[in-house]
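Visitor: I'm new here. Could you walk me through this one and explain the words as we go?

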Amino acid sequence: MIILHGFAASNYYNLVKHVLLYKQLPFQENLLYAGSKELLAISPVGKVPAITTPEGLNISESSVICDFLEETYPDIQLYPENSGERAVVRQIMKIAELYFELPSRRFIPYAFSGTEAPEPVKVEIRQVLKRGITALSHLSQFSPWVAGEQFTMADIYVYYVNSIVSKFASSQLEWDVLAEIPGMTKWNESMSQSPIAQKIEADRLTNMPEFIKKVTAQIRASKAKQ
Ligand SMILES: N[C@@H](CCC(=O)N[C@@H](CS)C(=O)NCC(=O)O)C(=O)O
């Protein structure tokens, strides 16, 4: 059976979990936090998520895991047959990660320590997000799914990317980033209603107190070292 390593407060963990549930693949969850020795033995940079395949192969990096799951378990498809259409789906996923998730993630340490990011950091992040807005407005269809008529990996990917944008970028920048993309808010809301997304959200909320305790302890330890 596939083992999914990580913790339910992680959006990357949740996007891979969503793919596993959508594809109706049996899997076991192994609770590991980022930076732990056990995780480092499985995930080379110590990040969450990672999976161990039934054959014992360890794989990390969410998009790589998504591709592996699709190639190995193609019965319930999450990429279009056509290679050009597949490239568009991957392009949306990549742009969402580079221009939406990664810049928004930079606000997480400020949010957890209850501080506001300095203005130059905000200016820089706002610029990157603007490029993401332009690109995603151009590429997204929402008819009814992100890449068109077929529900694809891009729907799952963008949904969990958006969770970081809404929670951290929008609050630090006082800017409803998702509302800038026509159709995005409505689509995001409908994604959140799916039974899989609801189960994942319930698991996330259950894990949150323990995760916050861990992060707070890490912040305290790093302050004590300074
Ligand atoms: N590029 C990685 C990013 C994963 C990632 O950033 N995971 C976070 C948890 S949501 C993490 O493990 N952070 C710990 C760290 O940055 O050391 C992927 O696509 O899986």
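Visitor: What makes you say that strand S1 is mostly covered?

Guide: Of the 5 residues in S1 (residues 2-6), 4 are buried. Buried means under 20% relative accessible area, exposed means over 50%, and partly exposed is in between, using a 1.4 Å probe and protein chains only. As for strands, they are DSSP runs of E with at least two residues, while helices are runs of H or I with at least four, and both are numbered from the N terminus.

Guide: Two notes on the ground rules. This is a predicted model, where local features need pLDDT of at least 70, side-chain atom pairs count only at pLDDT 80 or more, and totals for chains, interfaces and linings use all residues. Residues are numbered from 1 along each chain as its sequence is written, and side-chain values use heavy atoms, with hydrogens and water left out.

Visitor: How do you know that S1 pairs with strand S2?

Guide: Two strands pair if DSSP finds at least two bridges between them. S1 and S2 (residues 27-31) are joined by 5 bridges and run parallel. Ile2, for one, stands opposite Phe27 in S2.

Visitor: Why is Gly35 called exposed?

Guide: Its relative accessible area is 56%, and the cut-off for exposed is over 50%. Gly35 sits in the loop between S2 and helix H2 (37-40). Leaving aside neighbours within four places in sequence, Gly35 is in contact with Leu40 and Gly46, where contact means heavy atoms within 4.5 Å.

Visitor: And what is Glu201 called, at 34% relative accessibility?

Guide: Glu201 counts as partly exposed at that 34%. You'll find Glu201 in helix H9 (residues 195-225).

Visitor: Why do Ser104 and Glu101 count as buried?

Guide: Ser104 has 0% relative accessibility, and Glu101 has 0% too, so each falls under the 20% limit. Ser104 lies in helix H4 (residues 83-105), and Glu101 is in H4 as well. Not counting neighbours within four places in sequence, Ser104 touches Leu129, Ile164, Val165, Phe168 and Ala169. Glu101, again leaving out neighbours within four places, has contacts that include Asn11, Tyr12 and Val161.

Visitor: What makes a group of residues a nonpolar core?

Guide: The members are buried Ala, Val, Leu, Ile, Met, Phe, Trp, Tyr and Cys residues joined through side-chain atoms within 4.5 Å. The largest one here has 70 residues, and Ile51, Leu69 and Phe100 touch the most other members. Helix H7 (residues 153-173) gives the largest share, 13 residues.

Visitor: Why do you say this core lies between domain 1 and domain 2?

Guide: Domain 1 (2-76 + 195-225) and domain 2 (83-192) both give residues to the core, so it lies between them. Domain bounds come from an automatic or database domain assignment. The domain centres, taken over C-alpha atoms, are 20 Å apart. The contact takes 20 residues from domain 1 and 19 residues from domain 2.

Visitor: How do you know that H7 is largely enclosed by the rest of the structure?

Guide: 17 of its 21 residues are buried, so H7 counts as largely enclosed.

Visitor: What span is expected for H7, and what does it reach?

Guide: The expected span is 1.5 Å times one less than the number of residues. For the 21 residues of H7 that gives 30 Å, and the helix reaches 28 Å from its first C-alpha to its last, which is close.

Visitor: Where is the kink in H7 centred?

Guide: The kink is centred on Val165 and is about 35°. The bend at a residue is the angle between axes fitted to the seven residues ending there and the seven starting there.

Visitor: What happens just after H7?

Guide: Glu174 takes a positive phi of about 50° there, although Glu174 is not a glycine. Glu174 is exposed, at 75% relative accessibility.

Visitor: Is Phe142 buried or exposed?

Guide: Phe142 is buried, because its relative accessible area is 16% and the limit is under 20%. Phe142 has a positive phi of about 50° as well, although it is not a glycine. Its place is in the loop between helix H6 and H7.

Visitor: Which peptide bonds are cis?

Guide: Among them are the bond from Val48 to Pro49, with omega near 10°, and the bond joining Ser143 and Pro144, with omega about 0°.
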